[in-house]
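Here is a short report for a first look at this structure. Start with the views below, then read on.

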Amino acid sequence: MNNKLSEKLGILYRIWKRRLFIFLIVIGPGLITAVADNDAGGIATYTVAASVYGMASRFLIIPETFLLIITQEIGSRIAIVTKKGLGDLIRERFGVKLALFIFLLYFITNQGVVLQNIAGLKASFQIFRLPWPLMLILTSLFLIFVVIKFDYKRLQKIFLSMIFFYFAYFIVAIISKPDWGTALKETFIWPANTHLDLNYWFARIAVLGTTITAWGQFFIHSYVADKKLSIDHLKYQKVEIYLGALITSIFSFMIAVAVSETLFKHNIVAADGYAAALALKPLAGDLAQGLFAIGLFGASILGLTIVPLATAYVFSELFGYEGSLDIDFKKGRIFYLFFLVQIILAVLIALIPQIRLFNLTLYVDYLNGAMLPVIFYFLIVFSENTSIMGKYISTGFTKYFLRISAVVVSIAVILSFIGKIFKIG
Amino acid sequence: MLYFSELEHKKIYTEDNVFVGKLKDMVFHASETPNITNIVVKSSKGDLMIPLEYLKDISKTIIIDKSFKVSELEENELYLTKNLLDNQIIDITGDKLVRVNDVAIQDKPGYFIAGVDIGLLGILRWFGLDDYLIRLSKKFNIMLSSQFLSWADIHPLELTRGHVKIKKELTKLQKIRPEDLADYLERTNVSNISRILNVIDERTATDVIENLNINYQSDLFMHFDPKKSAKIMSKIDPDEAVDILLALTRKKRIEILKYLDPKTHGIITHFLHLSRTPVGHLLTTELLKVPSSDRVKDVIYKINDKTRDFFVLFYVYVVNENEELVGVFNLHELLLEKPETPVFKFMHQDIITVHLNTPEVIVFRKLVKYKLYSIPVISKDNKIVGVVTFDDVVENGIKHYEQ
């Protein structure tokens, strides 16, 4: 009896060991993309929104997580089945005119996101009283060197290890001694006071736009294609994406808790991440401020690497150049060129003293949010086309949830845009 | 030469002016000679595939036969937009190079795909910005030209498997038309040309050489050993051979002549003797040359401005930035084009020319053979120095008759 049980356990152990092994192979794209969605710009947006609306800024976090899972899952599924990036498919199916238009919009949006990350990096250096102009240049040079020299595998290890920086926010949230019950209640209950306030929805879409991003959608696609996974990995890739989305949502929830418990409760409206960190010191102490800055640093580095890479991938795909982390600089000149251009441009802008970078924050995320309906459209078209996807087309819940979300997000974007036009000034 | 970007969405009418639809796509034969076989028309009744035999004319609109029939996709036929345009071009090792930005279609005679545009201009053409950029860059003294990949470089078989793959083995180049190959080779250098000519069979090589411009011809024969040169010489038209020989150095010429078979040797030396009666005295410098970027309206303005006191004007010659002769068109062809069309779009690039030391009789023979009103005379560096007109031929004929 006992023998049989141990035999069974042995088989189970072996099955699970094999599964875990495959899971470790596929791990990367889903987790990295989801976590990098909470880049410096994301943190700034969460912070600003939470300092104004408290936990109501994280209202709808559950459907948002679902949306993140589904869009990422579709992206990686299309990439695994077709072995092509989203950019490849757009160019091949919709022609050069639309491809160029999408790229221009995408380049501008991503340049904004890169700027946010440079700003985040600058803020974290400032909090630690480091000479930020010098540090910015050195860090950027280091990143450029690493991305060009390292291949896919080594870069991925670095990306994954960056995730640990986010645990700083966990600690900040705990230090702020929140009332978890109230926080959860406020998160999940309809924000009665604000539901007609268009500014609230503007902020809410910005939060959505920083969690589910245009670049994130293109990036997971390209990154999965670059990883060269096979169809057998599809199941495991799905699990990785669930995990990534879950972790990301928990991180963003923790940031919102930390800010709501401190700034929001004391009616302090933070204009950006730097201001939030400064305001945190008297309310939660030196440690909280330091941890906040460390989290910001990690997020900035991750965003600063991933987002220009996402631009470079898409340019290579749309216009047909060799684009992979595994190629050397000579072969992938154009691929690396776009990576370089975005970082260098951002550093140069950041070094102009008159420019206040975090002012851009909400607007960039908003542009991101506005691009989402367009990307949903492509995802729907590609994932439901049998000539592209064969038997792996989207069906059932995924199909309809994505369609409904596309409509809801589009309406929300238009509404808050109208709101902004009439309320600005 | 037509570009697909300019043809897409063109309206299609029957001869009796009934609207059929808009051009959506084209179907071509995936082979070494990529003839266009069908056009795909987007009509209110869905997509129609109409065989090319019903096509009457492509100009502002596309005119088709009123009794047209529709057909189906046949084996080895591919869609231009689906299988070629916007697709990824990879090289033989599978590396991505660039995408197909536009497709160039050669017309007259028949329609076939000449090659694909892989440059920036190919992208801008879709927005109608290519001419604008060319004009703009000219202001900064930059000459922009299309980056063009000849069909000779593309694997037709791989195309049917869904890849636009570049072939690197030179042996495959010989399957294309000699004229196209010559065009393509003129864009590379002489050592490359002789390398390619060495791998293709002799007959094709001869045809290709005949189609090359004289500079390349003479450079090539300087490269070849005299024995090989003689072999090729005996196969090409004696008129051409004489011109080439006259363009070479005297030493090289004598060397080659040594190896010629007696019959060819006889004909060619006879002509060479005649070269002491060169065309110099027949030459008139009454001619109009324009840069290839000129538009039709610029040319018409120049005709008004510069040729008022000309005896007669048959052709307009097109020169590049180095003043080299690159094209020609007649006045009728000019009048058929829209005022904004640049001349490089419709000029003939295969120009019949003679040299200053070409014997008179060969000049006349060429005029008659190619039914020309006048023939340009070019210098060694391919610059036009004058023209010989057909009335000289008539005069000469009468002289002979009277004798």
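## Chain B at a glance

Chain B exposes about 20,600 Å², and carbon and sulfur atoms supply 53% of that area. Accessible areas come from the Shrake-Rupley method with a 1.4 Å probe, and for residues only the protein chains shown count as cover. This is a predicted model, in which local features need pLDDT of at least 70, side-chain atom pairs count only at pLDDT 80 or more, and totals for chains, interfaces and linings use all residues. Residues are numbered from 1 along each chain as its sequence is written, chains are lettered from A and ligands numbered from 1 in the order in which they are written, and side-chain values use heavy atoms, leaving out hydrogens and water.

Chain B has 17 helices and 20 strands. Both are DSSP runs numbered from the N terminus: helices are H or I with at least four residues, strands are E with at least two. Of the 403 residues of chain B, 50% count as buried. Buried means under 20% relative accessible area, exposed means over 50%, and partly exposed lies in between (1.4 Å probe, protein chains only). Take the contacts in chain B between residues at least 6 apart in sequence: 56% of them join residues at least 24 apart. A contact means heavy atoms within 4.5 Å.

## Salt bridges

Side chains of opposite charge can pair when their charged atoms come close. A salt bridge here is a side-chain nitrogen of Lys or Arg within 4 Å of a carboxyl oxygen of Asp or Glu. The count over all chains is 20. The table gives three of these pairs.

| Lys or Arg | Asp or Glu | N to O distance |
|---|---|---|
| R99(B) | D88(A) | 2.4 Å |
| K56(B) | D65(B) | 3.7 Å |
| K302(B) | D294(B) | 2.6 Å |

R99(B) lies in strand β10 (residues 96–99) of chain B and D88(A) in helix α5 (residues 86–127) of chain A, so their salt bridge joins two chains. R99(B) is buried, at 0% relative accessible area. D88(A) is buried too, at 5%. Both belong to a network of salt bridges that links K84(A), D88(A), E92(A) and R99(B).

In the second pair, K56(B) is partly exposed, with a relative accessible area of 46%. Its partner D65(B) counts as buried at 16%. In the third pair, K302(B) and D294(B) are both buried.

## Helix α14 and its sheet

Which residues of helix α14 of chain B are buried? In this helix (residues 296–306), they are V296(B), V299(B), K302(B) and I303(B). They cover an arc of only 120 degrees around the axis, which puts them on the same side of α14(B). The arc is that of the directions from the helix axis to the C-beta atoms. An α-helix has 3.6 residues a turn, so residues three or four places apart point the same way.

What do these buried residues pack against? Their partners are β15 (288–291), β16 (315–319), β17 (325–330) and α15 (331–335) of chain B.

The three strands form an open sheet in the order β15-β16-β17 (chain B), with mixed pairing. β15 and β17 of chain B are the edge strands, each pairing on one side only. The twist averages 30 degrees from one strand to the next. Strands pair if DSSP finds at least two bridges between them. β16(B) and β17(B) run antiparallel and are joined by five bridges. Y315(B) stands opposite N330(B) in β17(B).

α14(B) lies across β15, β16 and β17 of chain B, at about 145 degrees to β15(B). Axes are lines fitted to C-alpha atoms, for helices over the stretch in contact, and angles run from 0 to 180 degrees between N-to-C directions.
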